Amino acid sequence: MATLELKNVSKKFGAVTAMNKVSFSADEGGFFVLLGAPGAGKTTTINTICGIEEVDEGKITLGGEDITHELPQTRDMAIAFENYALYPHLTVFQNLLFPLESPLRAKEMSKNERAKRVKEIADLLSISELLHRYPRELSGGQKQRVSLGRTLVRRPKLYLLDEPIAHLDAKLRHRMRSELKKIQKEFGITAIYATPDQLEALSMADTLAILNKGVIEQVGTPDDIYYHPVNSYVAGFISDPPMNFMPALLGNGGLDLTWGEPCRIPLGAGDHRALEQKAAGQPVKVGVRPVDISFVSPSDPRAQMKGKVAMLDTLGQTSIVMVEIGPNRMMAKVDSDHRPEHGEAVGICIKMERVLYFEAASGLRIHGGESVGTAE
Amino acid sequence: MASVALRNVWKYYGHVEAVIDNSWKCEDREFFSILGPSGCGKSSTLRMVAGLEEISKGDLFFDSRRVNDLHPRDRNVAMVFENWALYPTMNVYDNIAHPLRVRRIPAREIDQKVREAAEFLGLTEILKHNVKRLSGGEMQRVSIGRAIVRDPAVLLMDEPISHLDASLRSRMRDELKTQISKLGVTTLYITHDQVEAMAMADRIAVMNEGRVQQIGKPLDIYSHPRNIFVAGFIGEPSMNFINCEYSSEGGSAVLKCPSFTIAPEESCGKSISRYKGGRSLKLGVRPEDVKVGTKEGPGSFRAVVDFVEPQGDRTIVSLRLAGGETILAQSLDRFRQPAGANVQVAFDQRHLHFFNPETGVNVHYA
Amino acid sequence: MATHEFAVSGEPTLAQEESPGSEGALRLLKRTGRIFVIVLFLIFILLPVAFICTTSLKIPLEIRISGALLPQGGVVWENWVKAFSEVPVLRYLFNSSLIAFVSAMLVLFIAVPVTYSIVRFRTGGFLLPSWILGTYVMPPIVVSIPIFTMVKMVGLTNTLPGLIIVHTMLNLPIAVWLMDSYFRAVPKELEFAAWTDGYSKVRTLVRVVVPLIKPGVMVAGIINLILSWNEFLFALILTYSAKSNTFPIGISNFVGEHGLQFGQMSAAALAGIIPIYIMVFFFARNLVEGLTRGGLRG
């Protein structure tokens with residue numbers, strides 16, 4: 001059993017708190033993703049799990065054993081770094097062989113078995129022709145694959161991957177994502193993966209944890225996090241373009257938007273009651289996902305607001321529209337076939353049944369009943 | 001302002017052909033993007049336009065003037081580099097003023113121009129701040145300020161936001177686009193990220209291995225890719241490619257693939273019948289045009305779900321077809337079938353593409 | 001698959017620029033100037049060596065009265081013969097070589113772990129690196145008496161090991177200082193990965209870090225060789241016989257009945273230049289690469 005568990009782990013660097021009572025557990029064989037903006041504490045978390053950094057307080061257990069104060073040498077993990085970290089004075093083959101020859105592990109395999117394992121991994125990552133080359137002769141993509149190979153050549157209890165494909169071309173990155181996931185599933189070894197890219201996190205994770213300035217905001221499956229975010233930070237971070245937040249006050253049977261011109265959005269009977277239970281009189285943030293916005297003509301009765309198209313990005317099948325409503329902006333994601341023109345005056349239609357509500361002060365989501373605001 | 005034109009431009013590094021017979025024209029005030037994977041020659045092209053590299057063969061024109069031999073400082077281009085290259089010891093004001101001071105422009109004029117640029121970019125509040133204290137967005141604006149303060153004819157940008165993390169990148173993209181359209185300056189923008197090019201550019205030149213593959217507006221390139229490379233490079237997830245055999249039954253084209261048979265719709269069918277290349281074709285269909293459902297329908301065929309990747313507002317489904325091929329489908333609704341389930345797959349017939357399997361060229365253009 | 005999308009209108013015009021003629025002349029002038037400066041510099045450096053060469057071939061009388069470069073009174077070899085027969089020059093060369101080589105090796109052996117632990121583990125905090133540098137900055141003559149006393153106490157005066165130890169102590173700081181930037185240039189992740197794979201810190205240092213700082217080690221080694229070879233003060237006070245006299249001391253001993261024998265001294269000096277020239281020439285490529293690499297990384 002190789003379930004990794006962190007309990008209230010904290011780590012400070014001088015005045016900066018990198019990890020603040022971080023707790024989560026990663027199931028054996030699962031792909032656990034740590035998602036967070038740069039500086040959120042992902043690398044520190046990975047380093048404390050690896051043993052490169054000492055924790056200030058808290059406990060780390062692997063497979064039930066307490067490893068909080070063990071040296072990295074004995075934790076039986078393998079780590080891949082963002083900037084490859086290939087040994088420049090060794091060939092690719094020697095680089096891949098190096099982890100298998102460490103004094104602690106050398107006894108586990110015979111020389112032949114080691115060479116065989118290296119060849120296996122090289123085939124899996126399509127780098128077999130490069131085995132006799134030196135790192136300086138490789139392209140960025142090749143170096144990244146060798147770096148991953150060096151991590152995967154061992155079969156430890158845990159893989160730690162700190163943004164290992166960050167510096168690849170966009171296309172190559174997408175391909176490596178699925179390759180990496182496939183390999184991990186094949187080996188069945190628990191993997192902890194850090195990334196600032198929310199799309200990457202959503203597509204790769206079995207379980208996902210959002211890290212914000214050293215604090216874990218939420219842990220859950222990608223669906224959980226996307227459809228049931230626990231606060232406005234998570235909701236805003238997980239969608240791209242980010243969720244739109246409109247400040248509002250609860251009035252009679254509707255929401256009065258408190259930005260710019262007064263505007264009232266009527267609520268259905270169900271929503272109204274649910275919200276009132278939790279947010280009577282409180283200022284509220286209304287979270288609208290870009291995909292839940294559509295455009296109609298300004299005179300259309302379905303339009304809840306009116307605005308002007310300020311920017312249009314055509315990305316292919318979908319287009320991103322930035323629409324200005326007075327001094328405010330909203331981002332929408334629509335089918336390119338139904339996109340408005342740049343500069344056009346439009347009516348904005350929001351799918352109210354998919355909207356989420358958050359307390360304005362704390363950012364916590366108002367659970368106005370699960371049937372409201374979730375896609376079902 | 002100026003237009004930039006390349007005519008049969010080549011670039012050699014020793015024996016290596018980095019840029020092969022490139023010709024294109026970026027119109028005055030246009031946002032023109034050169035898009036391609038690493039090593040395709042886009043950076044070399046940009047450096048040739050800037051004058052930092054010699055043009056091995058061919059001509060470079062600014063408006064109608066041939067500028068091959070013009071020294072970079074006389075070309076009136078401004079360049080924004082990948083890592084912005086701000087002077088770390090100076091504040092915002094000095095960074096922006098630097099290119100003018102180097103040209104010995106009188107101090108009063110410099111002050112006026114710097115303040116104009118700062119106001120335009122919203123930097124007036126932080127003019128005296130040292131650049132080390134700035135956020136990523138502010139630094140980007142300073143680097144643009146430094147580039148535009150000279151009123152350049154052409155603005156050259158070499159992957160200015162690719163080193164940023166994902167969420168910052170999309171915000172920077174929007175800001176960049178807004179500022180540049182406000183400025184109205186001819187812009188050449190190099191990137192490997194097709195999302196950036198598609199979102200920002202008026203027109204895109206797609207490059208691969210030194211050659212220009214296609215030039216056009218983003219949606220045109222998306223909907224009518226000239227060859228397999230462009231079709232696969234634009235759009236994420238990439239287009240699916242399936243081998244098929246062409247035969248005509250009763251005068252209309254029929255395509256047999258290992259897992260299914262397709263009768264392409266009118267206009268497609270006509271191009272295919274005129275196609276002289278032989279019986280094999282490569283069918284290209286984008287994941288968003290692959291419809292997956294549980295019930296049979298017109299033109300649908302059987303497949304098994306390989307795995308499902310929820311990505312927030314869309315779901316990517318990997319499907320294994322009867323003939324063994326794997327294709328990706330994109331669903332905007334929440335997809336609920338588990339791995340291993342049997343499903344019915346159909347293609348949106350309006351958006352199929354066919355390519356010559358040897359040359360890779362789209363049948364429409366052959 | 002180039003698409004020709006346009007036709008350029010109008011006649012392309014050549015941009016105005018300086019005529020090719022004047023451009024070329026300026027370039028030639030710059031180049032001549034550069035060569036001139038380099039030649040001047042070389043003359044400045046090599047003239048003394050040339051002078052010693054010719055001095056060693058002059059008759060003693062001429063050396064005393066003439067300051068000319070070339071031998072006027074004929075070329076003689078007696079200086080060379082006398083130098084090696086009357087004074088144990090070869091013994092001096094051997095002593096110096098041994099001391100230089102062993103102390104350089106010792107310095108490297110100690111300095112590598114010391115520098116690594118200071119750079120990677122911040123051993124000694126801020127004070128230790130400052131102390132180390134501080135001892136080097138101090139003029140050695142200040143501690144000459146205490147060091148003499150200490151060496152005498154352990155009975156190592158007039159021995160090769162004694163001088164080796166003193167040279168090692170003296171030159172250790174500069175090795176630490178030189179290698180510091182090379183250690184800093186090694187990405188930490190290389191070591192982290194090795195540790196995680198099961199390599200101890202020492203093994204990682206030897207198998208991962210040291211191969212990557214080889215140029216730095218070479219630089220430190222060569223500088224130490226040269227420093228030890230040229231060292232005069234402690235060689236003077238700690239050695240007093242041919243048993244352990246080093247080469248610089250030996251050279252200064254060319255005092256005959258009639259005063260300093262410059263001719264023989266020149267011959268011996270030239271002999272002494274050769275070993276060092278050979279060593280440095282052999283390592284020259286590593287030295288320059290090492291120095292400039294360190295400089296660029298800063």
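Student: What percentage of the 366 residues of chain B count as buried?

Tutor: This is a predicted model, where local features need pLDDT of at least 70 and side-chain atom pairs count only at pLDDT 80 or more, while totals for chains, interfaces and linings use all residues. Residues are numbered from 1 along each chain as its sequence is written, with chains lettered from A and ligands numbered from 1 in the order written. Buried means 20 or more other C-beta atoms, placed from the backbone, within 10 Å of a residue's own. By that count, the buried part of chain B's 366 residues is 44%.

Student: Which helix gives the largest share of the largest nonpolar core?

Tutor: A nonpolar core joins buried Ala, Val, Leu, Ile, Met, Phe, Trp, Tyr and Cys residues through C-beta atoms within 7 Å. The largest one has 244 residues, and A:Ile192 and C:Met179 are among those with the most contacts inside it. Helices here are DSSP runs of H or I, at least four residues, numbered from the N terminus. Twelve core residues, the largest share, come from chain C's helix 7 (residues 160-185).

Student: How far apart do the C-alpha centres of domain 1 and domain 2 of chain B lie?

Tutor: Bounds come from an automatic or database domain assignment, which gives chain B domain 1 (4-233) and domain 2 (240-355). Four residues of domain 1 of chain B are in contact (C-beta atoms, placed from the backbone, within 7 Å) with five of domain 2 of chain B. The separation between their C-alpha centres is 39 Å.

Note on methods: Buried ≥ 20, exposed ≤ 12 C-beta atoms within 10 Å, placed from the backbone. Helix = DSSP H or I, 4+ residues; strand = E, 2+ residues; numbered from the N terminus. Contact = placed C-beta atoms within 7 Å.
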